[in-house]
Amino acid sequence: MNNKRFMTGSAQVKEEVLQKMAMPLVGQGSENACELQEKIVYKLKRIFNTEESILLSSFSGSGLMEGAVRSCTRKRAAIFSVGNFGNRWYEIAKANNIPVDLYELEWGGAINAEFVDEILSTGKYDLMAITHNETSTGIVNPIEEMESIINKYPEIVWCVDAVSSFGGTKIEVDKLGIDICITSTEKALALPAGMSMCSFSKKAIERAHKITNRGYYLDLLNIYEHAIRNKCQYPFTPAISYMYGLDYQLDNIMKEGLENRYKRHEEMSNVVKNWAEKNFEIFGDKNHLSKTITVIKNTSNINVEELNKKLKERGFAISNGYGKLKEKTFGIGHMGDATVQEVQELLANIEDIIGS
Ligand SMILES: *Cc1c(COP(=O)(O)O)cnc(C)c1O
């Protein structure tokens, strides 16, 4: 178990982090729990680059996506999708009976700002959602270029899914004017799945006040009012064990230094991309490639499932393509606490297996 290298898109978790999660519990709403939450929020604000509120949840990222769309769409939501996780926003809105339109590009492409402008200028929408780092295709949408466009439309509550980039790629929530930026623990933060966190702007708060049917468990305004306004009193029992792990891991991340961490992700990404160019081909628009995952076209027609079985015997794992990209592509996640050396070891093992 110890030397397993999971490079699937979910990151592997250090033993010491898991041990922190087994610490003796403190009561929810107690002073100790409150202090723990405040420490976490303080550090998360530095990674989100925000002064807005931070909400912690005891469910995975999709829950906050549902909470965001449901709590903040009054008129109609515009969803911009370049893959599996972009489409999830749309499915969520549909399932909640929220008026919504999906703008989906061919997988491998990235959304550009002019397109967003064109859609928002119709005046039909008051919420838009976009994936930052699309894990299924290895594409990053250029959200930095969208800032000036989206901020032309003050009615728009801007939601960003940064689940698979946060902690591995810089994201500047306040500078860009993002209202709800969402991340989960199990990707570049290198924690077990089970918690998610988001920024929650004043604009989002104001909007949520005007929505009558925000649901119950995923009502972001309810979470905000309990956790922020009433200081740490979460409306539902929070996962304190996870918070221990998160607090500890955020300390590790701060010790490494954010810029160093982003640089390490870029280095790992370059190693994988150079290798992929040499042996296969990279999937998708070369101008918008992810720094946390590389999706590779299976140009040599290898049996990805078979490869992964053999890799697992050696303690490694990669991911097969998502949905319609299965077997046509495969993905290598280079995120979290993984090192350049570990990435090189993985690539050497792949070469060894497919060469034999
Ligand atoms: C993993 C992932 C999610 C959320 O998945 P959960 O299983 O709910 O944590 C959302 N968006 C992207 C881009 C992801 O990679």
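**Figure 1. Glu186 and its neighbours at the ligand in this predicted model.** Start with Glu186: a polar atom of its side chain sits 2.7 Å from one of the ligand's oxygen atoms. Lys187 joins in, with a side-chain N or O atom 2.7 Å from an oxygen atom of the ligand. For Ser184, the distance from a polar side-chain atom to a ligand oxygen is 3.1 Å. Zoom out a bit and there are 14 residues around the ligand. The ones that come nearest are Ser60, Ser62, Thr135, Asp161 and Lys187. So Lys187 turns up twice in this view, once in that nearest group and once through its side-chain contact with a ligand oxygen.

**Figure 2. Helix 3 against helix 4.** Here we're looking at residues 61-72 (helix 3) and residues 84-95 (helix 4), whose axes come within 9 Å and cross at roughly 50°. That angle falls outside the parallel, antiparallel and perpendicular ranges, so the two helices count as oblique to each other. The crossing is right-handed. On the helix 3 side, the contact uses Ser62, Met65, Glu66, Ala68 and Val69, while helix 4 brings Phe85, Arg88, Trp89, Ile92 and Ala93. Sorted by class, that gives seven nonpolar residues, one polar and two charged. Keep an eye on Ser62: this residue is part of the contact with helix 4 and is also listed among those nearest the ligand.

**Figure 3. Helix 2 crossing helix 10.** Helix 2 covers residues 31-48 and helix 10 covers residues 240-256; their axes cross at roughly 40° and come within 10 Å. Helix 2 is therefore oblique to helix 10. As for handedness, this crossing is left-handed. From helix 2, the contact takes in Ala33, Leu36, Gln37, Lys39, Ile40, Lys43, Leu44, Arg46 and Ile47. Facing them from helix 10 are Ile240, Met243, Tyr244, Leu246, Asp247, Leu250, Asp251, Ile253 and Met254. The class tally for the contact is 12 nonpolar, five charged and one polar.

**Figure 4. Helix 11 packed on helix 13.** In this last close-up, helix 11 (residues 258-279) and helix 13 (residues 340-355) have axes 9 Å apart and an angle of about 20° between them. With an angle under 35 degrees, the pair is therefore roughly parallel. Their crossing is right-handed. Helix 11 contributes Glu267, Met268, Val271, Val272, Trp275 and Asn279 to the contact, and helix 13 contributes Val340, Val343, Gln344, Leu347, Ile350 and Glu351. Among these residues, eight are nonpolar, two polar and two charged.

Technical notes. Residues numbered from 1 in each chain as written. Predicted model: local features only at pLDDT ≥ 70, side-chain atom pairs only at ≥ 80, totals over all residues. Heavy atoms only, no water. Axes fitted to C-alpha atoms, helices over the stretch in contact; angles between N-to-C directions. Helix = DSSP H or I, 4+ residues; strand = E, 2+ residues; numbered from the N terminus. Parallel < 35°, antiparallel > 145°, perpendicular 65-115°, else oblique. Left-handed = near helix turned anticlockwise from the far one by under 90°. Contact = heavy atoms within 4.5 Å. Nonpolar A, V, L, I, M, F, W, Y, C, P; charged D, E, K, R; others polar. Near = heavy atom within 4 Å. Polar contact = N/O pair within 3.5 Å; in protein donor to acceptor, adjacent residues only side chain to side chain.
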